[in-house]
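Work through these exercises with the structure open beside you. Try each task before reading its solution.

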Amino acid sequence: MSESGAAEPEEAAAAADAARRLASEARERVHFEEEALELADQVYRVARRMVGTREEAEELVQDTYARAFRGWRSFTPGTNMRAWLLRILTNLNTDRGRKVQRTPDLQPLEESDYYLANRVAAVEGEQALEQEQVVERLSQGGVVNALAELPHDFRDVVVLVDLGEFSYAESAQILDIPIGTVMSRLHRGRRILKKILAEESLT
Amino acid sequence: MSDGDCDKCEELLQAYLDRDLTAREVAIAEGHLDGCDYCRRRYRFEAQLRRYIRISASERMPAGLRAKLAELRGPAAET
């Protein structure tokens, strides 16, 4: 639009600048997407134990990645991307949970921290606790079913810490709850889990 | 070893394995474990149980999911 000779190089420079910025942003996005995809297996492992079926877990992970790829600019580079993805995932899972009619969670009674070991010792003798394979008698299906039976508030924390290997602080951030709540849910959740395992495996 | 010491040791179990105790509490737990087979066996059992839970509840991502996720990416960047 300008007819003065001086403006044209300026416009060209601005256009080149904008193009460079776009290209640089596209590179950042691709970098983000690749890093996120590297984490997919770890994200899935956590998701799988938070929902009932493989299909639900796949769907939840896909919804998580769709939202993450749209909202990639809100991720701060250099922070924990796995925790960031799990934050999206647990939010989506909570929204989803509110839509389906759910039965109120029962709060099973919990026993002490030594409960399962004491039960094993009572059934198989104190020396059984020394054996390398003692826990493997609690069958694999037993652990998966026991986790599924945990009330979901407890299960989410147990899955994040014990399967996802997130710290208390990271789990608090992911679930948006205070760290003290993470600790009490984790401790109670593990006790309930051990009680379920004892009932399923040692009767 | 009095039962009170075992109760205290049981109370410290989870935080001990989570490495979430103060140095003083670690010293209390380890001081007791040194002389108490009963608690030592239960700590060991708990550590094995946690490892077992992690391994047996961990399920690999289904084949094909990664490709589905890759399809959700934005438009390919121009080089």
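Domain bounds here come from an automatic or database domain assignment. The model is predicted: local features need pLDDT of at least 70, side-chain atom pairs count only at pLDDT 80 or more, and totals for chains, interfaces and linings use all residues. Residues are numbered from 1 along each chain as its sequence is written, while chains are lettered from A and ligands numbered from 1 in the order in which they are written.

**Exercise 1. Find the domains of chain A and describe how they meet.**

Step 1. Chain A splits into domain 1, residues 7–99, and domain 2, residues 115–201.

Step 2. Over C-alpha atoms, the centres of these two domains of chain A lie 31 Å apart.

Step 3. Count the contact, where two residues are in contact if their C-beta atoms, placed from the backbone, lie within 7 Å. Domain 1 of chain A gives ten residues and domain 2 of chain A gives 13 residues.

Step 4. Look for the elements. Helices (H or I, at least four residues) and strands (E, at least two) are DSSP runs, numbered from the N terminus. On the side of domain 1 of chain A that touches domain 2, helix H2 (40–50) and helix H4 (81–99) each supply at least two residues.

Step 5. Sort that side by class. Ala, Val, Leu, Ile, Met, Phe, Trp, Tyr, Cys and Pro count as nonpolar, Asp, Glu, Lys and Arg as charged, and the others, Gly among them, as polar. The side of domain 1 of chain A that touches domain 2 has four nonpolar, three polar and three charged residues.

**Exercise 2. Describe the packing of H2(A) and H3(A).**

Step 1. Two packed helices are described by the angle between their axes and the distance between the axes. Axes are lines fitted to C-alpha atoms, for helices over the stretch in contact, and angles run from 0 to 180 degrees between N-to-C directions.

Step 2. H2(A) packs on helix H3 (residues 54–70) of chain A at about 130°, with the axes 9 Å apart.

Step 3. Angles under 35 degrees count as roughly parallel, over 145 as roughly antiparallel, 65 to 115 as roughly perpendicular and the rest as oblique. H2(A) and H3(A) are therefore oblique to each other.

Step 4. List the contact. H2(A) uses A:Ala40, A:Val43, A:Tyr44, A:Ala47 and A:Arg48, and H3(A) uses A:Arg54, A:Ala57, A:Leu60, A:Val61 and A:Thr64. By class, the contact of H2(A) with H3(A) holds seven nonpolar, one polar and two charged residues.

**Exercise 3. Do the matching task for H7(A) and H8(A).**

Step 1. The axes of helix H7 (residues 152–163) and helix H8 (residues 168–175) of chain A come within 10 Å and cross at roughly 135°. That makes H7(A) oblique to H8(A).

Step 2. A:Asp156, A:Val157, A:Leu160 and A:Val161 of H7(A) meet A:Ser171, A:Ile174 and A:Leu175 of H8(A).

Step 3. The contact of H7(A) with H8(A) has five nonpolar, one polar and one charged residues.

**Exercise 4. Which helices of chain B give two or more residues to the side that touches chain A?**

Step 1. Chain B has four helices and zero strands.

Step 2. The contact takes 30 residues from chain B and 38 residues from chain A.

Step 3. Helix H1 (3–17), helix H3 (37–56) and helix H4 (65–70) of chain B each give two or more residues to that side. H3(B) brings the largest share, eleven residues.

Step 4. The side of chain B that touches chain A divides into 13 nonpolar, five polar and twelve charged residues.
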